[in-house]
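Take a look at the structure below. This report walks through its strands, cores, charged pairs and a few single residues.

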Amino acid sequence: MNRSLGVLLLVFGIVGSFAVDPSLAGKDRLNIELLKTLDAKGSYIRLEGRSLFITSNVAPKAQRAGFWFDIEPDPAAPVLLNKSLPGAWDVAVVGNYAFLCDYTKFLTVFDLRDHQWQQVAKLEMPSMTENITIRGKLAYVANHIAGLTIVDIADPAKPTMVSNFNPHIDCDGLALWKNYAVLYAHWESRLVLVDITDPTQPRQVGVYQHDKKTFNQGEVTVDGGFAYCTANNGLVLVNITDPANPTLARTVEIKGGITDVAVNDGFAFLAAKTNGVRVLNVSNPVNPVEVGRYTGCQASELAVLRIPQPDQNTSARARYYVYVAGGPASLLLFHAPVQATVVK
């Protein structure tokens, strides 16, 4: 993952009524409430297990110390562990080690024990590091003008490069789906699908080309065979179930664009910059439905955690914590509705 839209009322595609809690029925919020602001500020956020990281921009003049919270005791009351993190665009954690992408030509590894950030390794990369996803003992890194770099992290303190695949794009982000890496190209407004079955020899299998100058320096997330891409004018959904022939599934126009997207249980959570947070029901990805909105915060990135139902009541409305970065860090609560309003 903000504004008032004309809507058609329905229940997951069937015409009907949409009953909204009167306290949430204003144009500025729908099924989302602000729980609290955190004593932290940054542009980037990552939820890794029990750890919540909020980091600042990597530009020297804009860089501020970042924050590390523990959410295990109570996800609604994050406990500050450290407020001296280096600037980073992305963070991933394996055991006691954190891997940082900070737009330098290095993948930097830190030891997290004793709540400290002790640098233990610095692996030189083909280009600047922007985004990282870990699967098993391999890290997949979006490597700016060098595309995809795969790193062996079997020993996290001694990472080694496995391979690099360069499709000659500005690779800002990536996501994994089955045995494929989906590379998000900012300037080219392009997705490149790479077969990573053999990590020593990644190979390109498909390309999706969107309208030029549409994608932004944002993110891509893959769920259920669909790639959710941030764009200057909203959200672009691409069907990648046939990796050799990815096709446009739907665009959702949101004024001002979005800069981050997370998908959880058929909901797409969107960071819409100064327009806050939007939530879409994407159980049918070709017909996204708006089910949540909160415009009272700045949102450059977000992270989502589903709140377990203690009584296992499957008919109860699911609830989600949404941790938001962009201004003062915020914690929102999204109440998933049974019914929805269609985005037009």
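## Buried or exposed

A residue counts as buried when its relative accessible area is under 20%. Above 50% a residue is exposed, and in between it is partly exposed. R293 shows how the cut-off works. Its relative accessibility is 8%, so R293 counts as buried. R293 sits in strand β28. The side chain of R293 also makes a polar contact with the side chain of E290, at 3.0 Å.

## The overall picture

This model is predicted. The protein has 344 residues, and 56% of them count as buried. It contains 32 strands and zero helices. The accessible surface adds up to about 14500 Å². Carbon and sulfur atoms account for 49% of that surface.

## Two nonpolar cores

The largest nonpolar core is made of 21 residues. Within this core, F269, V277 and F334 have the most contacts. Which strands supply at least two residues each to this core? They are β26 (267-271), β27 (277-281), β28 (289-294), β29 (299-307), β30 (319-326) and β31 (328-335).

Another core lies apart from that one. It has 18 residues. Among them are L47, A303, Y321 and Y323.

## Salt bridges

Side chains of opposite charge can pair when their charged atoms come close. How many salt bridges does a search of the whole structure find? The search finds nine.

One of them joins R50 and E72. Their side chains meet with N and O 2.7 Å apart. R50 is in the loop between β5 (44-48) and β6 (51-55), while E72 is in the loop between β7 (66-70) and β8 (79-85). The two are 22 residues apart in sequence, so the pair ties together separate parts of the chain. R50 has a relative accessible area of 42%, so it is partly exposed. E72 reaches 52%, so it counts as exposed.

Another salt bridge links R203 to D195. Here the closest N and O atoms are 3.3 Å apart. Are the two partners buried or exposed? R203 is partly exposed, because its relative accessible area is 48%. D195 is at 10%, so D195 counts as buried.

D265 and R306 also meet through their side chains, with an N to O distance of 2.9 Å. This pair links distant parts of the chain, 41 residues apart. D265 is in the loop between β25 (260-264) and β26, and R306 is in strand β29. D265 has a relative accessible area of 44%, so it is partly exposed. R306 is at 39%, so it also counts as partly exposed. Salt bridges can share partners too: in this way R46, E48 and D90 are joined into one network.

## Two positive phi angles

Most residues other than glycine have a negative phi. What is the phi of H144? It is positive, at about 50°, although H144 is not a glycine. H144 is in the loop between β14 (138-142) and β15 (148-152). Its relative accessibility is 11%, so H144 counts as buried.

K178 is not a glycine either, yet it has a positive phi of about 55°. Where does K178 lie? K178 is in the loop between β17 (171-177) and β18 (180-185). Its relative accessible area is 56%, so K178 is exposed.

## A look at S51

S51 belongs to strand β6. Is S51 buried or exposed? Its relative accessible area is 10%, so S51 is buried.

Which residues does S51 touch, leaving out those up to four places away in sequence? They are R46, W68 and F69. With W68 there is a polar contact, side chain to side chain, at 3.0 Å. S51 and P75 are 24 residues apart along the chain. Their C-alpha atoms are separated by 9.9 Å.

Methods: Residues are numbered from 1 along each chain as its sequence is written. This is a predicted model: local features need pLDDT of at least 70, side-chain atom pairs count only at pLDDT 80 or more; totals for chains, interfaces and linings use all residues. Side-chain values use heavy atoms; hydrogens and water are left out. A nonpolar core is a set of buried Ala, Val, Leu, Ile, Met, Phe, Trp, Tyr and Cys residues joined through side-chain atoms within 4.5 Å. Buried means under 20% relative accessible area, exposed over 50%, partly exposed in between (1.4 Å probe, protein chains only). Helices (H or I, at least four residues) and strands (E, at least two) are DSSP runs, numbered from the N terminus. A salt bridge is a side-chain nitrogen of Lys or Arg within 4 Å of a carboxyl oxygen of Asp or Glu. Contact means heavy atoms within 4.5 Å. A polar contact is a pair of N or O atoms within 3.5 Å; within protein, one must be able to donate a hydrogen and the other to accept it, and residues adjacent in sequence count only if both atoms are side-chain atoms. Accessible areas come from the Shrake-Rupley method with a 1.4 Å probe; for residues, only the protein chains shown count as cover.
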